[in-house]
Amino acid sequence: MTERELNIAAIEIGSASIELMIMSEHGEIICDESNDMGLGVGQGGLLAPDLIQGALDALSELIEIARLQGVPVWKIHAVATSSLRRAFNAKAILQRIHQELGLEVYLLQIEEEGELAWKGANCGLNIPSGPVAVVDLGGATVEAVSGSPDRMLQFQSFRLGYMSITENFFGRNPQTFSLPQVSRLKRHVETQLRDLQW
């Protein structure tokens, strides 16, 4: 078995971007690619055909990059987050990805997303003793996780992702913003974070 055949690849289909990371068997990052063609903020409803096709095109490119690094499509670990979790046509999209690209995508539940954020933040870091907090800012949601260095204790998710709040308070492609818009956003964030049970 060649060294390249031992490489490990993972793809995350997020609300804002689709990302590929490839690591060697020694834990060295040898490829970190991101495509900003995500599936949107995932407000619910049906995801539009143009977004789906854009995501398929982006995935095809990333799968080819992985193949060139010695990782065939069937060895790629792929997950989808909030955008697909909220989409009514998520099952059909995942089936289409598998049929057209051969990529098996696992749809993360919200608690699993928080747990992976926790594990990722603690990976390879010298975490001090005592309580630790991790905040994962995504396109549609923010995961807030707390615990001790050896285990996760609490998890909460908020609809405060940067794409969500930008679109809700400033429009889809904002060029400018006003003080009243910022004030409304600030009140909204403060209201949401009142539920933070730490």
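In this predicted model, helix H5 covers residues 162-170, and its buried residues are Ser164, Ile165, Phe169 and Phe170. What do these buried residues pack against? Their partner is helix H6, residues 179-193. Look at the numbering of the buried set and a bit of helix geometry comes to mind: an α-helix has 3.6 residues a turn, so residues three or four places apart point the same way.

Now for how the two helices sit together. Two packed helices are described by the angle between their axes and the distance between the axes. For H5 and H6, the axes come within 10 Å and cross at roughly 135°. Angles over 145 degrees would count as roughly antiparallel and 65 to 115 as roughly perpendicular, so H5 and H6 are oblique to each other. The crossing of H5 past H6 is right-handed. On the H5 side, the residues that meet H6 are Ile165, Phe169 and Phe170; on the H6 side they are Gln181, Val182, Arg184, Leu185 and His188. Sorted by class, that contact has 5 nonpolar, 2 polar and 1 charged residues. As for the end of H5, Gly171 comes just after the helix and takes a positive phi of about 95°.

Step back along the chain from H5 and you reach a sheet. It is an open one of 3 strands, in the order S6-S7-S8, and the pairing is antiparallel. Strand S6 (132-137) and strand S8 (151-158) are the edges, each pairing on one side only. From one strand to the next, the twist averages 15°. Strand S7, residues 142-148, pairs with S8 over 7 bridges in the antiparallel sense, and the two make a hairpin with 2 residues between them. If you want landmarks for the register, find Val145, which stands opposite Phe155 in S8, and Glu143, which stands opposite Ser157 in S8.

There's another sheet to visit. This one is open too, with 5 strands in the order S3-S2-S1-S4-S5, and its pairing is mixed. At the edges are strand S3 (29-35) and strand S5 (105-107), each with a pairing on one side only. Here the twist averages 15° from one strand to the next. As a reminder, strands of a sheet pair through backbone hydrogen bonds, either parallel or antiparallel.

You can see the mix by starting at S1. S1 and S2 pair in the antiparallel sense over 6 bridges and form a hairpin with 4 residues between them. Ala9 has Ile22 as its bridge partner in S2. Turn to S4, and the direction changes: S1 and S4 run parallel, joined by 4 bridges. Ile13 has Ala80 as its bridge partner in S4. Ala80 also leads on to the edge, with Leu107 as its bridge partner in S5. Strand S4 (residues 77-80) and S5 run parallel, joined by 3 bridges.

Which residues of S1 make up its covered face, and which its uncovered one? Ala9, Ile11 and Ile13 are on the covered face, while Ile8, Ala10 and Glu12 are on the uncovered one. The general pattern to keep in mind is that in a regular strand the side chains alternate between the two faces of the sheet.

Helix H1, residues 49-68, lies across strand S1 (8-13), strand S2 (18-23) and S3, running at about 10° to S2. H1 also has a helix partner: H1 and helix H3 (residues 90-101) pack at an angle of about 40°, with their axes 11 Å apart. With roughly parallel reserved for angles under 35 degrees, H1 is therefore oblique to H3. Their crossing is right-handed. H1 brings Ile52, Gln53, Leu56, Leu59, Ser60 and Ile63 to the contact, and H3 brings Ile93, Arg96, Ile97, Glu100 and Leu101. By class, that makes 7 nonpolar, 2 polar and 2 charged residues.

Finally, pick out Leu94, which lies in H3. Is Leu94 buried or exposed? Its relative accessibility is 17%, and buried means under 20%, so Leu94 counts as buried. Leaving out residues up to four places away in sequence, Leu94 touches Leu84, Val105 and Leu107. Leu94 and Val105 are 11 residues apart along the chain, and their C-alpha atoms are separated by 6.5 Å. Leu107 should look familiar: it is the S5 bridge partner of Ala80.

How values were computed:
Residues numbered from 1 in each chain as written. Predicted model: local features only at pLDDT ≥ 70, side-chain atom pairs only at ≥ 80, totals over all residues. Heavy atoms only, no water. Pairing = 2+ DSSP bridges. Axes fitted to C-alpha atoms, helices over the stretch in contact; angles between N-to-C directions. Contact = heavy atoms within 4.5 Å. Left-handed = near helix turned anticlockwise from the far one by under 90°. Nonpolar A, V, L, I, M, F, W, Y, C, P; charged D, E, K, R; others polar. Buried < 20%, exposed > 50% of the residue type's maximum accessible area, 1.4 Å probe, protein only.
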